[in-house]
Each structure stands twice: as structure tokens, then as C-alpha cells.
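Reader: Hey, can you walk me through this one? I'd like to start with the strands.
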Amino acid sequence: MAPIIRPFHPSDLPGIYRLCLRTGEAGGDATALYRDPDLLAHLYAGPYPVADPTLTFVVADDDGVVGYIVATADTIAFEAWLEESWFPVLRAQHPRRPDPHDGTQDHVLVERIHDWPGGPTREVHERFPAHMHIDLDPRLQGQGWGTRLVHTLADALRARGVTGLHLGVDDRNAGAITFYGKLGFELHERHDWGRTLTLAL
Ligand SMILES: CC(C)(COP(=O)(O)OP(=O)(O)OC[C@H]1O[C@@H](n2cnc3c(N)ncnc32)[C@H](O)[C@@H]1OP(=O)(O)O)[C@@H](O)C(=O)NCCC(=O)NCCS
């Protein structure tokens, strides 16, 4: 089956989790960084389709999920939902732990589960309330699928009257920064971890 873009189905979750890990280190494979292969997606992929399945789209082919875009229309409301419905079980499941000093980074993500760094500024949220994450299997990169996924999401957001979209990108991920620039995203703010980009819809 040739790749297609379709709306999220719950059976896509394991594939989304695997792809999140394979592309989770500034666009490269994060597998070696985590003993628990699910932690990264617990933060940056899984909660979005659970909170609102209508704003996740996948690229699927014979191998299953080979690309996805996950999003929320209202980041502040989404963060309230995380506190209420997503983090409590994860906090009980993953107690804070010290750095084992073996190069693995699970403790960093566990810390974020307990102490989520917080969302956009009021100004970003007013103008660009939605936010998203996108990942494609390396086999599908550079063939327009990322562009098509962003356009699919943008159409869905516009249909709901959402006026803008923001995202965070690691400064080391030069390829993604170029990609977002070509799609019209603009630099909004620099941080010590990277930058916030915005797109008016
Ligand atoms: C970043 C990513 C989503 C882009 O999707 P894609 O399908 O590969 O990109 P497209 O083929 O739609 O490219 C659109 C444009 O961006 C450019 N572009 C995309 N990836 C690029 C890269 N790595 N380096 C330079 N330019 C790039 C393309 O050349 C194209 O430019 P053009 O319009 O002038 O032809 C995808 O490569 C990916 O999943 N990367 C790994 C995970 C990742 O980094 N996710 C984002 C985390 S913030």
C-alpha cells in the first residue's frame, strides 16, 4: 500500500510511540538515550490524540505508522487537561529518580512529568493558541509528507476558527528549522533549549 494521510485511529498509538523515539533526539534516533522507550512519547505525542483525536493525522503504509502530526487547538486548556487527567497516573508510575550517570536521560523526562515546564506566554497563546509536534520515518523524509501533514492540520484548525499555531524546536535541529521556515513559520522567541516558532492561520 502506498503511503496515505488519514485521521488517527487508536491502533496507531504504538506506532506513534515508536516513531517518537526514533526521531526524538533533535530529529535523530533517541533510542540509546532512554531505558524506558515510552517516556518521550508520554510527554510529546501520546496525550494529544487521547485529549483530542480529531487533531492527530498519520501517514500509514504497509509498515503501519510512518509519520504523524499531533496537536491541540488550545494549549492552555490542554495543559489543564494534562494536570487533571494525564500526569497523575504517570507521576505515580514514575517516581523522581537521580541521574544514574550512565548517559541515559530518563530522569530528565521523569522530572518533567512531575514538574512540567509550563506552556506559552499569554501573548503567544492569544495569537497562536494551537501547538503541534510532527515526525516522519527517515524513509519518508524529504518527499513532501511533512508539508502535507502540516497543511492537513492547518485546514482542520482553520475549520474550527483557530487563528494561529506555535511550536518549539531544538536549535540543533537545523533541518526542521529550515522546513518550518519554508512553510511560513516565523521566529517568535529564543530560549536556552531552542526557539518558539509561530504560524498565523
Ligand atoms: C522535519 C520533517 C517533519 C520535515 O518533513 P519532510 O516531509 O521531510 O519535509 P518536506 O519534504 O515536506 O520538505 C518541505 C521543504 O522543507 C525542506 N526541508 C525538509 N527537511 C529538510 C532538511 N532536513 N534540511 C533542509 N531542508 C529541509 C525541503 O527541502 C522542502 O523545501 P522546498 O519546498 O524548497 O522543496 C521531517 O524531516 C522529520 O520528521 N524529521 C525528523 C523529526 C523532526 O525533526 N521533527 C520535528 C521536530 S521539531
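Author: Sure, one term to begin with: two strands pair if DSSP finds at least two bridges between them. Helices (H or I, at least four residues) and strands (E, at least two) are DSSP runs, numbered from the N terminus. This is a predicted model, where local features need pLDDT of at least 70, side-chain atom pairs count only at pLDDT 80 or more, and totals for chains, interfaces and linings use all residues. Residues are numbered from 1 along each chain as its sequence is written.

Reader: Cool. How many bridges join β4 to β5?
Author: Two, and these strands run parallel; β5 covers residues 164-170. One pairing puts Ala130 opposite its bridge partner Leu165 in β5.

Reader: And how many join β3 to β4?
Author: Six, with the two strands running antiparallel. There, Gly67 has Leu136 of β4 as its bridge partner.

Reader: Is β4 buried or exposed?
Author: Seven of its seven residues are buried, so β4 is largely enclosed by the rest of the structure. Buried means 20 or more other C-beta atoms within 10 Å of a residue's own; exposed means 12 or fewer, partly exposed is in between, and C-beta atoms are placed from the backbone. Ala130, Met132, Ile134 and Leu136 are on one side of β4, with His131, His133 and Asp135 on the other.

Reader: What is Met132 in contact with?
Author: Leaving aside neighbours within four places in sequence, Met132 touches Ile69, Val70, Ala71, Leu153, Leu165 and Leu167. (Contact means C-beta atoms, placed from the backbone, within 7 Å.)

Reader: Which residues have the most contacts inside the largest nonpolar core?
Author: Tyr68, Ile69, Ala71, Met132 and Leu153, in a core of 39 residues. Strand β3 (residues 64-72) gives the largest share, six residues. A nonpolar core is a set of buried Ala, Val, Leu, Ile, Met, Phe, Trp, Tyr and Cys residues joined through C-beta atoms within 7 Å.

Reader: New topic: which residues are closest to the ligand?
Author: Gly27, Leu136, Gly146, Thr147 and Gly175, out of 19 that surround the ligand. To count as near, a residue needs its C-beta atom, placed from the backbone, within 6 Å.

Reader: Which elements give two or more residues to that shell?
Author: β4 (130-136), α7 (145-159) and α8 (174-182). The largest share, five residues, is from α8.

Reader: And helix α1, what's buried there?
Author: In α1 (residues 13-22), Ile16, Leu19, Cys20 and Leu21 are buried. Their cover includes α2 (39-44), β3 and β4.

Terms used. Two residues are in contact if their C-beta atoms, placed from the backbone, lie within 7 Å.
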